[in-house]
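Visitor: I have a structure open and would like to understand the terms people use for it. Could you walk me through them?

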Amino acid sequence: MFAGALMFSAAANAQSTDNMQKLSNFQSTGASMEMETVPQTGPRVAAFNKTLQGIKLPDGFKISLYAIVPDAREMAVGPSAGVVFVGTRKSKVWAVTDRDKDRVADEVKVFAPSINFKLPNGVCFSKDGFLFVAEQNRVLLFPAAEFFYEGPDVAAFEVVKQGDLIPTSEESYNHTARVCRIGPDDKLYITLGQPFNVFAPEKFDLYKKNGIGGIVRMDRDGKNRDVYAWGIRNSVGMDFNPKDKTLWFTDNQVDGMGDDIPPGELNRATKAGQNFGFPYFGGGSVRTAEYKDQTPPADAVKPEVEMQAHAADLGMTFYTGQQFPAKYRGGIFSVQHGSWNRTTPVGARVMFTSLKDDGTAAKTEVFASGWLTPNGEYLGRPASVAQLNDGSLLVSDDTSGAIYRISYGE
């Protein structure tokens, strides 16, 4: 039985490699035109609407169901047609289409089904319409995703080949959800969470060299890779401030130190090569037990915002739209997935951080909440945020399998 499973896996991998070669040469893979779709009607819609009635928002805002999308995580909104590509921590990427532009999805279907994805959490677009997908240990490029997504065969290329993003010896089931962005320098940035709670000293040099526990950048074709930032435990959210080009990112703090320490983090990188303190610090200024006797780097960058401990700060985006009031323009929306190991759960909400004139953080406040009930039950767990082309805000929920839309003044 075990040998049979191995043979099946090997055959599937060989087929996937063959399909990639065909797609790179603009050849058909012979995949079925009957592509998996997700029904957008039925009793689940009523259940989601009931939950959304309890979500608290500032005056003038409303929230509605945008799409039912299994395991929805990172979202990338197409710059031309507004198709939303959705990454997951499973084996699928979804394409979400609102054909009549009524701000409710008409169709959710699988994207590039002939490719065997592995943890394709990270999805991001370049301004000129190139879609990148960052998997656990590979990066793919789809030059015309919004044009080809309707069919099973999609022009696809490997930016980083399987096994070349991190050493295969460091592949893990833990902290391997990547996030990607195209920077103002037109380079590709990718977060690489380290797989441990706190890694052992013998991993230090290997991780620093490869950028594990940091953010790496490279040309859009995968060349000229370097480690942009390090000393990061596990970032699953980042975005560039379009005003001053700085890179902001969330970071999840060390577990097992108590309910109220260490804090979660929202960080700001102002230049390449900065160190953000992990593993010497578990979050904020709280030292880790494993490295308490070692001297941390003198130039370790402190977080811009210390969030509530163990709320699990994940996806984030700068708001560049015009639909929301002036208070929110140029600020940061981020999500807290919710705690898993805290005595009293916290999180499951959307946060907003305003900025000062000098580009640093001003004030952080709760923007949307209500997915966590008073008795500690999660009715949903926000995973990321993205801005729709009309200036409304999308919120993904990987636990309930949905994307919500927050709008103002409609």
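Guide: Gladly; we will take salt bridges, burial, sheets and cavities in turn, keeping in mind that this is a predicted model.

Visitor: Why is the contact between Asp390 and Arg103 called a salt bridge?

Guide: The closest N and O atoms of Asp390 and Arg103 are 3.3 Å apart. The cut-off is 4 Å between a side-chain nitrogen of Lys or Arg and a carboxyl oxygen of Asp or Glu, so the pair qualifies. In general, side chains of opposite charge can pair when their charged atoms come close. The structure holds 26 salt bridges.

Visitor: What makes Asp390 and Arg103 a link between distant parts of the chain?

Guide: Asp390 sits in the loop between β25 (382-387) and β26 (393-397), while Arg103 is in the loop between β4 and β5, and the two are 287 residues apart.

Visitor: Which salt bridge does Asp390 form with a residue of strand β27?

Guide: Asp390 forms one with Arg405, where the closest N and O atoms are 2.7 Å apart. Arg405 belongs to strand β27 (residues 402-408), 15 residues from Asp390.

Visitor: Are Asp390 and Arg405 buried or exposed?

Guide: Both Asp390 and Arg405 are buried. Arg103, by contrast, has a relative accessible area of 24%. Buried requires under 20% and exposed requires over 50%, so Arg103 is called partly exposed.

Visitor: How do you know that Lys203 and Glu170 fall into separate burial classes?

Guide: Lys203 has 23% relative accessibility, which lies between the 20% and 50% limits and therefore makes Lys203 partly exposed. Glu170 has 7%, under 20%, so Glu170 is buried. Their side chains meet in a salt bridge at 3.0 Å, N to O. Lys203 lies in the loop between β11 (188-192) and α4 (204-210), and Glu170 in the loop between β9 (157-160) and β10 (180-182).

Visitor: Which residues are linked in a network of salt bridges?

Guide: Arg99, Glu107, Lys109 and Glu150 are linked in this way.

Visitor: Now the sheets. Why are β2 and β5 said to stand at the edges?

Guide: The order in this open, antiparallel sheet is β2-β3-β4-β5. β2 (75-77) and β5 (107-110) each have a single partner strand, so one side of each is left without a neighbour in the sheet.

Visitor: What makes β4 and β5 count as paired strands?

Guide: Two strands pair if there are at least two bridges between them; β4 (residues 94-97) and β5 have 4, so they pair. Within that pairing, Val96 has Val108 as its bridge partner.

Visitor: How do you know that β14 and β15 pair?

Guide: They share 3 bridges, which meets the requirement of at least two, so they pair, in the antiparallel sense. Met238 has Phe249 of β15 as its bridge partner. These strands belong to another open sheet, in the order β14-β15-β16-β20.

Visitor: How many cavities are there of 30 Å³ or more?

Guide: A search of the whole structure finds 3. The largest has a volume of about 60 Å³, and the second largest about 50 Å³.

Visitor: What makes up the lining of the largest cavity?

Guide: It divides into 3 nonpolar, 6 polar and 3 charged residues. Strand β18 (residues 281-283) gives the most, with 3 residues. Among the lining residues are Arg233, Asp251 and Glu265; Asp, Glu and Arg count as charged, so these three are called charged.

Visitor: Where does Glu170 come up again?

Guide: Glu170 is one of the residues that line the second largest cavity, including His175 and Arg178.

Notes:
Residues are numbered from 1 along each chain as its sequence is written. This is a predicted model: local features need pLDDT of at least 70, side-chain atom pairs count only at pLDDT 80 or more; totals for chains, interfaces and linings use all residues. Side-chain values use heavy atoms; hydrogens and water are left out. Buried means under 20% relative accessible area, exposed over 50%, partly exposed in between (1.4 Å probe, protein chains only). On a 1 Å grid over the protein atoms alone, a cavity is a set of points where a 1.4 Å probe fits but cannot get out, and a pocket is an open set with protein on both sides within 12 Å along at least five of seven lines; lining residues have an atom within 4 Å of a point. Grid points are joined across faces, edges and corners, and a volume is the space filled by probe spheres set on the points.
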